[in-house]
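Q: Please take a close look at a single part of this structure and work outward from there. Keep it brisk, and give the numbers where they help.

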Amino acid sequence: MVTEKESEEADAQSQQEQLSFLKRHFYRTTIVSGAGDDGSNAEPVRRFSVLSRGFLTLAALFCLAIVVTLVAVLATLLVRHKHVEQEIRRSPVQEAIFANFADPMVLKHEDLFYAFATTNAAGILAQSNDTAAQEILALGKSNVQIATSPNFKDWTLLNHTHDPLPQLGDWVRPGLTVNLNPKANVWAPAVIKRPSDGKFVLYYSAASADSPENAPRTSHCVGAAVSNTSSPAGPYMPLNGTIACPIDQGGAIDPSPFIDTDGSFYVTYKVDGNNIGHGGECGNMVKPLVPTPIKLQKMMTDGVTPDGSDITILDRTDDDGPLVEAPVIVRSPEGIYFLFFSSGCTRNPSYDVKYATANDVRGPYQRAKKPLLRTGDFNLTAPGSVGVMDLEDGTFGMVFHARVQASYGKVRAMYTSAFKFNGTEVMLVKKI
């Protein structure tokens, strides 16, 4: 026999089952008082409540989701930070000199590394204020910059009193521009020890005094100087003749010496055709485009006297943009000749480091499939203009510049790296 209590419970259960999902889980029963003073007309009413089981469950799940998301985001950030730190530690590229130290080259002498670079007033971009202009006016006191390092990692930039090239050949036009007057517009110095007498020879390019006065841009020529001391730091005494001076073709820049295994002496350089280009990026992206060939000049054993005519070993292609420049030749232990060079425009992110290979120093050179360094690699902007030396431990040291923002404008800081040869491939490695 069903009691009255059981009947009421059954009715309540039946009503509960008839309620919608929302009302079952997100509503609560409250007692609403009737009109009588004694509350005799009070009756239960279901209303939405934040204290309902469903709402509390959803709130708990929502909070849990937030906590899980925050933990996941935090874990991702920590992993990413750790990854970035590891990448920095593993990076084969290190910033060496945070200053305008462009077109660097490097050599080692008596356990000390020497780096040489373009005059520090050249190539500064985006000067933003008068203070920056005043800082630039304080630059350019050296024709050639010099820095030293005991370990290829820690570099000391020497001031203008250590200028290795205090005097220039009589063919050089002094002054950087009309408004800025450093000693001269000297670019891309390179130094080598010549075997004939053990003296050091410094090659450089500078604005030519024979460049036409009405020319839109001054043409450079390539000259040389010989050290009076037994140190690569100089000082060097300049020769009054030039090695290459094709002013009608735009001039010549970026000299780099190379001595082959048979003792043959060469200097490679770039004919600065974009200097007489018709406009656009680096002056040479408006047709007709002007050639910017990389030349190879055989030299006498003194390293300063041309021996025969120069030959072209590389020239720009459409993939190079306005130019190729900054040539450096290195022979691998396997006997393969590597020609390092830059393309694009040094003022823009298009600037990069490329290389080509040959079985003979005179070519023909086969280009690598991709650049060695370009903007975005290792957080670099416009990397280029390398200098290379054998570290005599199976690796080669490399210096190059890339754009950074200094207080007085965008300048070309020096970076270092190292690499190994693998057949016709160059592989960057972490040296330090």
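A: Cysteine 245 is partly exposed, because its relative accessible area is 30%, and the cut-off for buried is under 20%. The model is a predicted one. Where does the sulfur of cysteine 245 go? It pairs with cysteine 221 in a disulfide, with the two sulfur atoms 1.9 Å apart. The torsion about this S-S bond is about 45 degrees, so the disulfide is right-handed. The two ends sit in distant parts of the chain, 24 residues apart. Cysteine 221 belongs to strand β10 (residues 220-227). Cysteine 245 belongs to the loop between β11 (236-244) and β12 (252-259). The partners also differ in cover. Cysteine 221 has 0% relative accessibility, so it counts as buried, whereas cysteine 245, at 30%, is partly exposed.

How many disulfides does the whole structure hold? A search finds two. The other joins cysteine 282 to cysteine 345, at 2.1 Å from S to S. This link is right-handed too, with 75 degrees about the S-S bond. Cysteine 282 is in the loop between β13 (265-271) and β14 (294-299), and cysteine 345 is in the loop between β17 (337-343) and β18 (352-358), so the bond ties together parts 63 residues apart in sequence. Here both ends are covered. Cysteine 282 counts as buried because its relative accessibility is 10%. Cysteine 345 is buried as well, at 0%. Counting bonded cysteines along the chain, the pattern is 1-2, 3-4. As for cysteine 63, it counts as partly exposed, at 46% relative accessibility.

Next, the charged contacts. Strand β14, which follows the loop of cysteine 282, carries lysine 295. Nine salt bridges are found in the structure. In one of them, the side chains of lysine 295 and aspartate 310 meet at 3.3 Å, N to O. Lysine 295 is in β14 and aspartate 310 is in the loop between β14 and β15 (311-314), so this pair ties parts 15 residues apart in sequence. Buried or exposed: which is lysine 295? Lysine 295 is buried, with a relative accessible area of 14%. Its partner, aspartate 310, is partly exposed, at 30%.

Another salt bridge joins lysine 298 and aspartate 307, at 3.5 Å from N to O. Both ends are partly exposed. Lysine 298 stands at 31% relative accessibility, and aspartate 307 at 29%.

Arginine 367 forms a salt bridge with aspartate 320, with the closest N and O atoms 2.6 Å apart. Arginine 367 is in strand β19 (residues 366-367) and aspartate 320 is in the loop between β15 and β16 (324-331), so the contact ties together parts 47 residues apart in sequence. The arginine 367 end is partly exposed, at 26%. The aspartate 320 end counts as buried, at 2%. There is also a network of salt bridges, which links Lys270, Asp272 and Glu325.

Then the strands before the cysteine pairs. Strand β8 (residues 186-193) is mostly covered, with six of its eight residues buried. It runs antiparallel to strand β9 (residues 200-207), and six bridges join the two. Valine 191 faces leucine 202 of β9 across this pairing. The hairpin has six residues between its strands, and glycine 198 takes a positive phi near 75 degrees in it.

An open sheet of four strands has the order β4-β5-β6-β7, with antiparallel pairing. Which strands stand at its edges? They are β4 (105-109) and β7 (156-157), each with a single partner strand, so one side of each lacks a neighbour in the sheet. Inside, strand β5 (residues 112-117) pairs with strand β6 (residues 145-149) over five antiparallel bridges. Tyrosine 114 has threonine 148 of β6 as its bridge partner.

Last, one long-range contact and one surface feature. Phenylalanine 400 sits in strand β21 (residues 396-406) and is buried, at 0% relative accessible area. Its C-alpha atom is 5.9 Å from that of proline 104, although the two are 296 residues apart along the chain. On the surface, Leu58, Leu61, Leu64 and Val68 make a nonpolar patch of about 380 Å². Leucine 58 belongs to helix α3 (residues 53-90) and is partly exposed, at 49%.

Technical notes. Residues are numbered from 1 along each chain as its sequence is written. This is a predicted model: local features need pLDDT of at least 70, side-chain atom pairs count only at pLDDT 80 or more; totals for chains, interfaces and linings use all residues. Side-chain values use heavy atoms; hydrogens and water are left out. Patches are made of residues with over 30% relative accessible area and no salt bridge: like charges are joined within 9 Å, nonpolar side chains (Val, Leu, Ile, Met, Phe, Trp, Tyr) within 5 Å. Accessible areas come from the Shrake-Rupley method with a 1.4 Å probe; for residues, only the protein chains shown count as cover. A salt bridge is a side-chain nitrogen of Lys or Arg within 4 Å of a carboxyl oxygen of Asp or Glu. Buried means under 20% relative accessible area, exposed over 50%, partly exposed in between (1.4 Å probe, protein chains only). Two strands pair if DSSP finds at least two bridges between them. A disulfide is a pair of cysteine sulfur atoms within 2.5 Å.
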